[in-house]
Amino acid sequence: MKQSNFVRRNIGKCCLFIIVLMISGCKKSFLDVVPDNVATIDHVFANRIEAEKYLFTCYSYLPREGNPDMNPGFNGGDETWTYWPMTLDFFSLDSYEIARGLQTKVNPKMNYWDGYDSRSLWTGIRNCNIFLENVDKVVDLEPYVKDRWVAEVKFLKAYFHWYLFRMYGPIPILDKNFSTTATPEEVKTYRQPVDSVVNYISNLIDEASFGNVNVGLPAKINNRFTELGRVTKVAALSIKARLLVTAASPLFNGNTDYINLKNKDGKALFNPVYDEKKWVRAAEACKKAIDMALESDVALYRFVPKAGTVNEDTQIEMNIRNAVCEKWNKELIWGATSDGSPTYWIQLFACPQLDPNNISRELKGKYAPTLKMAELFYTKNGVPIEEDKNWDYANRYELKTVTAQDKGMQEGYQTVALHFGREPRFYADIAFDGSKWLMSNKEYEIKSKSGEHSGKKQPRMYSITGYYTKKLVNWNLVATETSTTVESYPWPIMRLADLYLLYAEALNESGNSKAALPYLNQIRERAGLKSIEESWMAYSKRPDKYTTVTGLREIIHRERGIEMAFEASRFWDLRRWKTASKLLNEPVYGWNITQETIEEYNTRVFLFNQGFIAPRDYLWPINDYALQINPNLVQNTGW
């Protein structure tokens with residue numbers, strides 16, 4: 001996708017700042033967001049059909065979280081890397097530039113405050129308020145339908161606030177729209193303290209979950225033909241759990257880095273005092289969401305072949321891959337459905353050339369895991385490679401030959417020792433030179449040295465690191481020289497394993513570490529691993545690591561990094577844990593992909609030295625122009 005296409009799609013972006021929307025452009029802004037051929041609010045809310053259109057208009061402001069270039073979590077951190085510069089095959093370069101330390105306050109990248117990808121989240125909030133203020137005018141709307149619609153819009157309003165909070169920290173709260181007669185001084189709003197913003201979003205989600213007559217959001221979607229993608233009670237409670245875990249994390253809980261971030265009236269925006277009760281509150285929210293999920297038949301995904309049986313290795317691999325890629329599977333709590341095919345592009349960006357006899361121009365293979373991520377996964381014994389007393393960490397870059405007993409690789413092939421004896425998630429998530437790639441029609445062999453079918457043959461459409469993201473490619477993808485068929489799936493904004501990991505983290509941090517282990521072990525068992533207790537006691541150089549809060553915290557962070565790898569989670573996790581200042585200040589490495597021989601190709605090469613400035617880069621900058629329009633706003637620390 002050329003950059004010019006992105007520019008064309010963004011002609012007419014909404015607002016540079018919310019204040020402009022409220023005062024100078026209120027009437028025009030409204031006309032820009034209502035359904036076509038609807039000129040007035042009275043018309044919009046005159047009947048059920050028109051009001052439902054406006055409901056879906058509110059949904060339309062959800063960010064395109066499954067788009068590889070529109071979600072900063074995909075390319076803005078250290079999980080993946082790509083060739084540079086890119087002149088083709090992208091929607092936006094913003095996230096790639098963030099990863100390279102090129103964020104700016106003059107023209108912020110991925111600027112969802114003012115409007116990015118044709119989406120101003122403040123405009124989305126404003127339209128939610130319009131809906132809530134006028135839905136009572138609809139005369140032919142059954143009370144139970146109205147209650148659900150109100151609950152959906154309250155949740156969307158909360159979610160837009162949450163998305164902005166996660167990016168910017170303390171934000172203004174737009175609970176009601178300002179009157180069109182408001183003076184300029186009245187609409188020059190202030191940012192609200194972190195704790196106030198969190199409580200507002202949490203309370204609004206509670207209102208959405210249970211409604212005005214204790215109905216609210218449905219527990220699950222019953223009409224799967226027309227309503228998939230709409231929010232449920234389980235989804236809302238799960239997002240609340242994520243909100244409260246984030247609020248309890250070091251970035252927002254007792255962070256003294258922002259002690260001087262205050263409004264111009266002197267109000268402090270960060271509470272510098274750590275509060276363990278925030279973790280207790282987060283754990284309670286996670287448990288409530290899990291209970292509701294299990295009552296609604298949500299479960300960790302298990303692969304069921306369409307015909308016959310499969311061997312154990314295939315079963316485990318597809319348990320892992322299809323937990324993300326199988327459409328509307330039982331593990332999915334809330335899936336993004338924007339643009340009709342929300343995961344079309346991420347699959348093309350992730351998938352290399354699989355078939356030497358059918359080279360497809362559609363397969364880019366550029367969404368490339370870094371060597372750091374390849375080293376993050378456990379050994380087959382379920383512990384970190386640097387901790388496993390039976391795994392040769394020191395010689396991990398030495399060449400070895402694949403035997404019939406080695407899993408996930410082509411027998412007789414030579415590759416580095418790093419790729420031997422790893423856990424099933426490593427082989428399910430990542431492909432590399434000499435690995436195998438199972439698809440529904442056949443198993444392919446990846447050969448990616450220079451000139452080979454999966455490797456670099458031209459200035460674009462290749463993996464800069466030598467790794468490929470198998471995890472995100474639906475196994476029904478079929479590519480030939482003349483056509484490419486992609487089975488898109490809803491992007492998992494939240495799935496049950498994610499919720500289990502959040503709950504385990506909250507339990508550990510609130511002093512209930514032992515209770516966290518069963519939730520971690522369920523995820524590990526699905527991935528073909530033994531429990532944490534068994535694995536660490538039998539194989540780790542630190543056998544008692546899981547028995548302390550600090551040790552289990554390390555394990556939980558790593559479990560989360562592995563299970564949620566390449567799902568746009570790590571970007572935010574490193575920020576809320578305040579570990580980005582270390583991990584995003586490290587070199588990016590890959591293999592020497594321009595080489596043809598086994599020895600030269602399997603040489604580690606330096607690609608880029610990332611730079612993350614703390615505390616500045618933990619939060620997004622507000623556009624300088626927005627600060628000029630509203631002098632009551634203050635800039636984030638360091639910008």
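**A walk through a predicted model**

Visitor: Where is P85 found, between which strand and which helix?
Guide: Keep in mind that this is a predicted model. P85 belongs to a loop, with residues 80-81 on one side and residues 94-99 on the other. Those stretches are the two elements you're after, so to speak: strand 1 and helix 7.

Visitor: Which residue does a cis peptide bond join to P85, and what is omega?
Guide: The partner in that cis bond is W84. For the W84 to P85 bond, omega is about 0°.

Visitor: The peptide bond from A614 to P615 is cis too, so where is the place of P615?
Guide: Omega of the A614 to P615 bond is near 0°. P615 sits in a loop flanked by residues 604-609 and residues 624-629. Put names on those flanks and you get the loop between strand 14 and helix 24.

Visitor: Let's zoom out. How many helices and strands does the protein chain have?
Guide: The chain carries both kinds of element. The tally is 24 helices and 14 strands.

Visitor: What radius of gyration does the protein chain have, next to that of a compact globule?
Guide: With 639 residues, a compact globule would come out near 26 Å, and the chain's own value agrees with that. Along the principal axes, the C-alpha trace spans about 75 × 55 × 50 Å. The radius of gyration of the chain is 25 Å.

Visitor: What share of contacts between residues at least 6 apart in sequence join residues at least 24 apart?
Guide: Some context on packing: buried residues make up 61% of the 639 in the chain. As for contacts between residues at least 6 apart, the share joining residues at least 24 apart is 71%.

Visitor: What part of the area the protein chain exposes do carbon and sulfur atoms supply?
Guide: The chain exposes about 24,400 Å². Carbon and sulfur atoms supply, of that area, 50%.

Visitor: How far apart are the mean positions of the positive and negative charges?
Guide: The chain has 80 positive and 77 negative charges. Take the mean position of each set, and the two points are apart by 2 Å.

Visitor: How many salt bridges does the structure hold?
Guide: R148 with E152 is a salt bridge, with closest N and O atoms 3.7 Å apart. Another is E452 with K449, where the closest N and O atoms are also 3.7 Å apart. For the whole structure, the count of salt bridges is 55.

Visitor: By how much of a helical turn are R148 and E152 separated?
Guide: Both residues lie in helix 9, which covers residues 143-168. Both are buried as well. Because R148 and E152 are four residues apart in that helix, their separation is about one helical turn.

Visitor: In the E452 and K449 pair, which residue counts as buried?
Guide: The cut-off for buried is under 20% relative accessible area. E452 has 23%, so E452 is partly exposed. The residue at 6% is the buried one, and that is K449.

Visitor: R495 forms a salt bridge with E563, so how far apart in sequence are the parts that the pair ties together?
Guide: The closest N and O atoms of R495 and E563 are 3.1 Å apart. R495 lies in strand 12 (residues 491-495) and E563 in helix 20 (residues 549-563), so the pair ties together parts whose separation in sequence is 68 residues.

Visitor: Is R495 buried or exposed, and what is its relative accessible area?
Guide: E563, its salt-bridge partner, counts as buried at 6%. Salt bridges that share partners put R495 and E563 in one network, along with residues including E331, R425, K471 and E559. R495 is buried, with a relative accessible area of 2%.

Visitor: Which residues is S531 in contact with, leaving aside its neighbours within four places?
Guide: S531 lies in the loop between helix 18 (513-526) and helix 19 (532-539). At 14% relative accessibility, S531 counts as buried. Once those neighbours are left aside, its contacts are N521 and R524.

Visitor: How far apart in space are S531 and A219, C-alpha to C-alpha?
Guide: In sequence, S531 and A219 are 312 residues apart. In space, C-alpha to C-alpha, they are separated by 32 Å.

Visitor: What is the positive phi of W328?
Guide: W328 is found in the loop between helix 13 (312-325) and strand 2 (332-336). At 25% relative accessibility, W328 counts as partly exposed. Although W328 is not a glycine, its phi is about 50°.

Visitor: And what is phi of M461 near?
Guide: M461 is in the loop between strand 8 (443-445) and strand 9 (467-469). M461 is buried, with a relative accessible area of 14%. Its phi is positive in a residue other than glycine, near 60°.

Definitions and conventions
Residues are numbered from 1 along each chain as its sequence is written. This is a predicted model: local features need pLDDT of at least 70, side-chain atom pairs count only at pLDDT 80 or more; totals for chains, interfaces and linings use all residues. Side-chain values use heavy atoms; hydrogens and water are left out. The radius of gyration is taken over C-alpha atoms; the globule rule is 2.2 Å times the number of residues to the power 0.38. Buried means under 20% relative accessible area, exposed over 50%, partly exposed in between (1.4 Å probe, protein chains only). Contact means heavy atoms within 4.5 Å. Accessible areas come from the Shrake-Rupley method with a 1.4 Å probe; for residues, only the protein chains shown count as cover. Lys and Arg count as positive and Asp and Glu as negative; His and the chain ends are not counted. The place of a charge is taken as NZ of Lys, CZ of Arg, CG of Asp or CD of Glu. A salt bridge is a side-chain nitrogen of Lys or Arg within 4 Å of a carboxyl oxygen of Asp or Glu.
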